[in-house]
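Reader: I would like to learn how to read cysteines and a helix from a set of atoms. Could you take me through them one feature at a time?

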Amino acid sequence: PSAPRHTNRLINEKSPYLLQHAHNPVDWYPWGQEAFDKAKTENKVIFLSVGYSTCHWCHVMEEESFKSREIGEIMNEHFVCIKVDREERPDVDKVYMTFVQATSGGGGWPMSVWLTPDLKPFAGGTYFPPEDGVHRVGFRTVLLRIAEQWKENKDALLESSQRILEALRLTSEIRVQGQDSPPPAKAVMDTCFQQLSRSYDEDYGGFSKSPKFPTPANLNFLFTYWALHRTTPEGAQALQMALHTLKMMAHGGIHDHIGQGFHRYSTDQRWHVPHFEKMLYDQGQLAAVYSRAFQISGDEFFADVVRDILLYVSRDLSDEAGGFYSAEDADSYPTTTSGEKREGAFCVWAAEELRALLPDPVKGATEGTTLGDVFMHHYGVEEAGNVDPMMDPHQELKGKNVLIARCSPELTAARFGLEPVSLSALLQECRQRLSSARAQRPRPHLDTKMLAAWNGLMISGFAQAGAALAEQGYVSRAAQAAAFLRTHLFDPGSGRLLRSCYRGKDNSVEQSAVPIQGFLEDYVFVIQALFDLYEASLDQGWLEWALHLQHMQDKLFWDPKGFAYFSTEAGDPSLLLRLKDDQDGAEPTPNSVTVTNLLRAACYSGHMDWVEKAGKILAAFSERLQKIPITLPEMVRATAIFHHTVKQVVICGDPQGEDTKEMLQCVRSVFSPNKVLMVADGDSTGFLYHQLPFLASLERKDGKATAYICSNFTCSLPVTSVQELRGMLSP
């Protein structure tokens, strides 16, 4: 490629998204004082563009507008232009997305917002086409109109921006309203279950017609609802809803049958045609939720999906130093000679391509049957392509097939006169061949940024899978990633987490010149991960670090007046609002997860003020939990755990002893949403004994590994039988 004609300040950044824009003719600035000062000195409007590196429409707007010299000149003349990677700076993104959603009724990325020089928003939207169309005003027109308005009506715009900010401040406030006790668990659980049942798709699973998202928070809620209502018809229904959804997702095109892992979401009702980007936070949460499905059902199908996800992450999203990368793009070049990228190009197949790759006759099958015949039948391949044109508005997938398991193995085997066992081996061979063929295609862009929060979710995925599937290798991978966090995303001097680090040259790990401090979500997901890792590994060092981080989270983010935690710490003058997220989305909201974290922290430390804090969070969200609990299924789950009291399952024994290992495996194989596990190994100098003096009074019975079920540090009679322990673990 020829040398770039333009280079702007983004060339000095570490974020892959910002670096993608470093050669635009736009004079981009990163978010920071230099840009703010320029806007004030020159009395210019700020144009803020927020996106992320694997965002399809962000790429489109860059190609159409930000790479246009003419549009770049308009932007440079009239505005100070700032680019933000929403994954690096979720705080900036949230403030201005709150504005865009409130004023336009929608939101999304790329987000385009115009601000006064003191950072107050007055106009905004998402993607704009470059020129005016029949239904949409073009980006060039919007730029010129806003520049004209600023020149002619500046005072009115300033006044309007102040009014908007005050309104946002009022409407976005979440605080305790008189009632300072948590809402009742039964009513909140039942309402949430009813609301989810109404939106449930009985045919294909999931909770909407289209688009369809994985929503692990909904599935985790349903598992907990089942665990607490397992003898009722509603409990059975909740379990069936969750397991059916997980099976349909795994069969669908949202699941990458050749390269493993899950794509972001499905554009249709049947989980067939996905939006092809792959995000780390989805893999982490889905590994955990499929592990729970295996714990509950014992169905090896779910364990295989867990292994599939973790194979993908280990192979494609892992840094050699131990961290996990953020995402893989949806778009890529169809061939090495292609001039433009297409969505899904790396993942889709033409029928003739499959026939050429799988021509072998199949022994023992109906005469004339080839591997291609069997594979194409099983995965719904059609000669003209299997993508509905309605799902492909830009015709990027015309003539192509997105693989979807259309038949059960039994039906496919019967169709070709095969035994199901031999069919499984045949399909495995086909998938391996296609994987080798796919490896010759240009890969999608990989976002090698490493985020504390998302690494936390992935550590939980590996740790929970390791415990539920009894796979020590997964626990070791989780520990390696936690050690990476402690080395690269934790400042031992201040005791604080950092938000992000980056893969540098020669695969080194790099940090920004001014590191971004961790946000609430970083603390919450890392603390959760460390608790999960302790339960899987029994290494008390992870427990000690988790409790340290919980104290730090309290100090930086707790709202002593309105209760619950702010998403950001105080003291950043460039952030106009301190917000509290109030909806579980692609990731659960941090306040939802932190309720359970606090209850676990109290069990491991004896600090009962953490239980009180958990109750105060539920009180702050009480109105929302009672009216629309479907928006906070993870917090509803936490409400139930809060009211049911957490069980401390203490195993007294030598962690290396076979009897202790047998008991540990029993505890780990049972899904019990309100348990924490700990081992009293007799070492009175250890961290746990120091935190929980009552452990010293628990003894082995008859020299065998012995279990105690404790509640609020009061313990049951000792149990030495695994069968008896299993019975006691039910909620």
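Author: What follows goes through the disulfides, then the unpaired cysteines, then one helix. Please keep in mind throughout that this is a predicted model.

Reader: How many disulfides does a search of the whole structure find?

Author: A pair of cysteine sulfur atoms is taken as a disulfide when the two lie within 2.5 Å. By that test, a search of the whole structure finds two disulfides. In one of them the sulfur atoms of C55 and C58 are 2.3 Å apart, and in the other C710 is joined to C715 with an S to S distance of 2.1 Å. When the bonded cysteines of the protein are numbered in sequence order, the pairing reads 1-2, 3-4.

Reader: Is the disulfide of C55 and C58 right-handed or left-handed?

Author: The torsion about the S-S bond gives the hand, and for C55 and C58 this torsion is about 85°, so the disulfide is right-handed. The link of C710 and C715, with 100° about its S-S bond, is right-handed as well.

Reader: Which of these bonded cysteines are buried, and which are partly exposed?

Author: The cut-off to use here is that a residue counts as buried under 20% relative accessible area and as exposed over 50%, with partly exposed in between. C55 has 2% relative accessibility and therefore counts as buried, and C58, at 3%, also counts as buried. In the other disulfide the partners fall on either side of the cut-off: C710 is buried with a relative accessible area of 1%, whereas C715, at 28%, counts as partly exposed.

Reader: Why does C430 not form a bond with C407?

Author: The cysteine sulfur closest to that of C430 belongs to C407, and because the two are 14 Å apart, they are too far from each other for a bond. C430 is itself buried, with a relative accessible area of 1%, and C501, also at 1% relative accessibility, likewise counts as buried.

Reader: Turning to the helix, what span should α20 have, and how far apart are its end C-alpha atoms?

Author: Helix α20 runs over residues 540-557, and at 1.5 Å a residue its 18 residues should span 26 Å, which agrees with the 26 Å that separates its end C-alpha atoms.

Reader: What lies at the start of α20, and how many of its residues are buried?

Author: At the start of α20, a side-chain oxygen of D539 comes to within 2.8 Å of the backbone nitrogen of G541. Of the 18 residues of α20, 13 are buried, so the helix is largely enclosed by the rest of the structure.

Conventions
Residues numbered from 1 in each chain as written. Predicted model: local features only at pLDDT ≥ 70, side-chain atom pairs only at ≥ 80, totals over all residues. Heavy atoms only, no water. Helix = DSSP H or I, 4+ residues; strand = E, 2+ residues; numbered from the N terminus. Expected span 1.5 Å × (residues − 1). Buried < 20%, exposed > 50% of the residue type's maximum accessible area, 1.4 Å probe, protein only. Polar contact = N/O pair within 3.5 Å; in protein donor to acceptor, adjacent residues only side chain to side chain.
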